Protein chains: 2
Amino acid sequence: MSRAPQKRRVATHERLIAAAKDIVASAGYADLRVEEVVLRAGVAKGTFFSHFSDKDALLEALIGDELTRAMAIVAASDVPQNADEFAAALAPLIAAMGTQRAAFDVILRNSGAMNSTTYGPIAKSFVDQVILMTDWMTDHRRVRQDVAPALLAEGVQAFVVQAIAMQFCAVESQVPLQDRLRAYLDAWLFPRP
Amino acid sequence: MSRAPQKRRVATHERLIAAAKDIVASAGYADLRVEEVVLRAGVAKGTFFSHFSDKDALLEALIGDELTRAMAIVAASDVPQNADEFAAALAPLIAAMGTQRAAFDVILRNSGAMNSTTYGPIAKSFVDQVILMTDWMTDHRRVRQDVAPALLAEGVQAFVVQAIAMQFCAVESQVPLQDRLRAYLDAWLFPRP
DNA sequence: TAATTAAAGTGACCACGGTCAATTTATGGA
DNA sequence: TCCATAAATTGACCGTGGTCACTTTAATTA
């Protein structure tokens with residue numbers, strides 16, 4: 001076991017996070033610079049990299065935080081009964097994942113990307129998502145019951161990602177995200193062949 | 001209209017591509033360095049960026065090439081009749097997309113990412129994939145016919161991506177990619193609720 | 001309280017992607 | 001053939017992420 005961190009270290013960590021959140025709030029993820037973070041936090045660059053293995057780790061922490069908050073809202077909603085309600089229930093999550101392209105890229109890179117035993121916060125959130133949705137699917141009144149609930153949940157995740165990705169296409173005219181997702185989920189969860 | 005490029009430029013372009021392919025073949029996409037490319041091609045760094053807007057554009061060109069070659073094989077196969085055959089038919093494409101993590105990241109970033117009218121080669125391949133698979137789905141004997149063929153095709157694409165992404169997880173023990181994909185496709189294309 | 005050891009933090013330095021004013025090379029007309 | 005113009009290339013330079021030997025500060029022991 002490694003020793004507990006000193007309170008100075010905790011304080012520094014918080015300052016780094018706070019500074020980063022400030023920057024993201026005003027400039028977005030795309031324009032986040034490590035130099036700017038350490039400047040605002042009042043520490044040296046080296047300190048940053050003793051707290052985060054790389055810039056991506058910071059982004060993961062920030063975005064993971066947002067995902068967690070979004071998931072709390074999603075988890076509090078009633079079990080959705082049809083494609084419309086599913087899309088609506090997932091809306092907070094989709095907003096968290098799909099409003100900034102730079103953030104979405106980070107999410108894609110890290111959604112399942114853990115080396116060995118090291119789950120990042122984003123990967124953790126994705127696991128949580130599947131757990132929650134698996135719960136939704138289990139013994140559901142209307143959802144198809146011919147495939148395992150966990151598989152259904154993974155599928156929903158895949159479609160959410162796909163819908164967001166298409167949103168970032170240039171041929172933007174397109175269907176709005178919410179509509180596209182509803183069509184996917186209806187076909188996936190409520191087939192009538 | 002812009003004038004046709006001089007043959008010197010074409011030659012330089014080919015040297016750059018060839019050098020890059022060499023490096024990728026021996027070191028993989030992750031270890032590709034622009035400096036190394038220009039060194040082998042015998043040109044200055046600035047020349048590189050007059051041929052490619054950025055490093056990503058080169059990667060796109062290389063990977064797009066591989067995807068095109070894979071798609072040619074896929075397109076030559078018979079129309080798959082069940083989940084197993086679908087997974088088998090798509091195998092070349094999956095191999096091209098999923099063997100190197102660095103390449104997969106590039107693909108995810110650029111699969112739908114075109115700014116305005118500028119389709120990159122990867123985005124183009126993704127469009128081609130949907131076109132081919134839409135063709136497969138149309139008037140298919142066994143595949144579900146309760147949703148539009150194009151939607152089915154997009155769904156297959158989503159599941160292919162999801163299956164590859166899960167492959168890159170650390171909890172690798174997991175199901176082999178091919179099996180997972182088959183389960184997805186069976187549920188997506190051949191529902192029996 | 002002084003000495004010892006480990007944690008925390010520092011900043012000069014490197015690697016690598018990307019820019020741009022300046023230079024070289026090709027092309028087409030007089 | 002010579003000149004004017006555009007195409008192609010160059011390499012010094014910059015921004016930013018990331019490293020590491022070293023200094024400073026806190027905890028621990030004598």
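Do the copies, chain A and chain B, meet through the same surface or through opposite ones? Some notes on this predicted model, point by point.

1. **How the copies meet.** They meet through the same surface, because 100% of the interface residues of chain B are also interface residues in chain A.

2. **Symmetry.** Two copies of a chain are related by a rotation about an axis and a shift along it. Here, a turn of 180 degrees and a shift of 0.0 Å along the axis lay chain B on chain A with an RMSD of 0.0 Å. That is what a two-fold axis gives you.

3. **The chain–chain contact.** Counting contacts, 30 residues of chain B are paired up against 30 residues of chain A. On the chain B side, α6 (101–110), α8 (149–167) and α9 (177–189) each supply at least two residues. The largest share there comes from α8(B), with 8 residues. By class, that side of chain B has 18 nonpolar residues, plus 6 polar and 6 charged ones.

4. **The core.** As background, nonpolar side chains in soluble globular proteins tend to be buried together. In this model the largest nonpolar core has 105 residues. The members that touch the most others are Phe159(A), Val160(A) and Leu185(A), along with Phe159(B), Val160(B) and Leu185(B).

5. **A closer look at Phe159(A).** Set aside its neighbours within four places in sequence, and Phe159(A) is in contact with Leu181(A), Tyr184(A), Leu185(A) and Trp188(A). Phe159(A) also has a contact in the other chain, Ala158(B).

6. **DNA strand C.** There are 22 residues around this strand, and Thr12(A), Ala44(A), Gly46(A), Gly46(B) and Lys55(B) come nearest. At least two residues each come from α1 (7–27) and α3 of chain A, and from α2 (34–41) and α3 of chain B. The most comes from α3(A), with 4 residues. By class, the surface near strand C has 10 charged, 7 polar and 5 nonpolar residues.

7. **DNA strand D.** Again there are 22 residues around the strand, and the nearest are Gly46(A), Lys55(A), Thr12(B), Val43(B) and Gly46(B). On this surface, α2 (34–41) and α3 (45–51) of chain A and α1 (7–27) and α3 (45–51) of chain B each supply at least two residues. The largest share, 4 residues, is from α3(B). The class split near strand D is 10 charged, 7 polar and 5 nonpolar.

8. **What to keep in view.** Both chains contribute to the surface near strand C, and both contribute to the one near strand D.

How values were computed:
Residues are numbered from 1 along each chain as its sequence is written. Chains are lettered from A and ligands numbered from 1 in the order in which they are written. This is a predicted model: local features need pLDDT of at least 70, side-chain atom pairs count only at pLDDT 80 or more; totals for chains, interfaces and linings use all residues. Copies are superposed by least squares on the C-alpha atoms of residues with pLDDT of at least 70 in both. Two residues are in contact if their C-beta atoms, placed from the backbone, lie within 7 Å. A nonpolar core is a set of buried Ala, Val, Leu, Ile, Met, Phe, Trp, Tyr and Cys residues joined through C-beta atoms within 7 Å. A residue is buried if 20 or more other C-beta atoms lie within 10 Å of its own, exposed if 12 or fewer, and partly exposed in between; C-beta atoms are placed from the backbone. A residue is near a molecule or strand if its C-beta atom, placed from the backbone, lies within 6 Å of it. Ala, Val, Leu, Ile, Met, Phe, Trp, Tyr, Cys and Pro count as nonpolar, Asp, Glu, Lys and Arg as charged, and the others, Gly among them, as polar.
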